[in-house]
Amino acid sequence: IQSRATKEKDSNQVLESCEEPKKASVGSSISLENAPTLAFPSISTADFHFNLEKASDIIVEKVEEYVNKLGNARLVLVDLSQNSKILSLVRAKVAEKNIDSKKFFTFAGNITKLYSEGGLHCNAIANATNWRLKPGGGGVNAAIFSAAGSALETATKAKAGSLSSGKAIVVPLPSSSPLHSREGVTHVIHVLGPNMNPQRPNCLNNDYIKGCKILREAYSSLFDGFASIVR
Ligand code: AR6
């Protein structure tokens with residue numbers, strides 16, 4: 001069994017090898033490694049076919065709006081691959097802004113294995129879900145419901161039966177869930193983004209005026225939900 005110290009050392013190595021966040025300079029402020037952290041996927045940009053340029057603008061705008069309101073808490077945008085288009089777009093756009101790289105950074109990895117495989121402590125993770133809040137359907141929703149086991153389904157049902165687009169719902173994860181015991185995730189925040197895929201319910205038919213408004217609401221609702229557990 002790896003000691004905590006070894007894990008934390010490994011986690012630094014992982015972060016450094018991803019070049020995210022930038023190495024702290026000597027004498028800089030304390031590490032935020034154990035600060036409350038929300039890992040979130042890019043909402044709506046895969047199965048829901050939302051335009052990546054527009055989505056990346058909204059992610060950067062919303063991160064900029066929330067990051068300092070959240071105290072020392074961290075926001076981490078996650079995608080499966082280091083070559084992810086959305087991660088590169090956001091990294092490039094965030095570099096133009098004055099955003100603390102210890103409080104917001106991108107990370108390549110499976111959102112259900114951030115601690116065990118990436119050494120990244122995240123007490124909350126966001127799920128890009130469907131309006132029925134049901135397991136399956138592929139993407140990050142299928143991965144999170146599957147990794148969390150039936151405890152997440154039960155806890156979600158106790159909170160709500162459905163979700164409207166642009167909204168998020170915070171679900172405390174029971175300690176019986178492997179995602180809690182193995183990864184340290186205490187809350188899953190389900191978010192429903194706008195849908196541009198004609199094969200899925202409530203398609204917006206390329207109406208990006210509505211779509212961008214709903215995506216902004218979705219991120220506000222997600223970050224407000226995270227703020228409610230950090231407080
Ligand atoms: N870890 C990290 N990121 C992931 C993972 C993972 N395990 N899996 C996917 N992503 P998507 P949407 C990234 O399609 O577009 C579902 O069927 C992915 O690369 O999961 O909001 C639901 O039930 C992308 O960047 O969500 C809904 O019906 C991001 O997560 C619908 O899809 C979101 O991709 C929601 O579609």
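Colleague: What volume does the largest pocket have?
Modeller: About 880 Å³ in this predicted model (an open set of points on a 1 Å grid over the protein atoms alone, where a 1.4 Å probe fits, with protein on both sides within 12 Å along at least five of seven lines; the volume is what probe spheres on the points fill). Local features need pLDDT of at least 70 and side-chain atom pairs 80 or more, while totals for chains, interfaces and linings use all residues. Numbering starts from 1 along each chain as written, and side-chain values use heavy atoms, without hydrogens or water.

Colleague: Which residues are closest to the centre of that pocket?
Modeller: Asp47, Ala128, Gly139, Val140 and Asn141, out of 43 that line the pocket (an atom within 4 Å of a point).

Colleague: And which elements give two or more residues to the lining?
Modeller: Those are β2 (74–79) and α5 (139–148). The largest share, four residues, comes from α5. Elements are DSSP runs numbered from the N terminus (helices H or I, at least four residues; strands E, at least two).

Colleague: Switching to the sheet: what's the strand order?
Modeller: Six strands run β3-β2-β1-β4-β6-β5 in an open sheet with mixed pairing (a pair needs at least two DSSP bridges).

Colleague: Which strands are at the edges?
Modeller: β3 (104–108) and β5 (168–172), each pairing on one side only.

Colleague: How many bridges join β1 to β4?
Modeller: Two, between β1 (residues 37–41) and β4 (residues 124–128), and these strands run parallel.

Colleague: What is the bridge partner of Leu38 in β4?
Modeller: Leu38 is bridged to Ala124 there.
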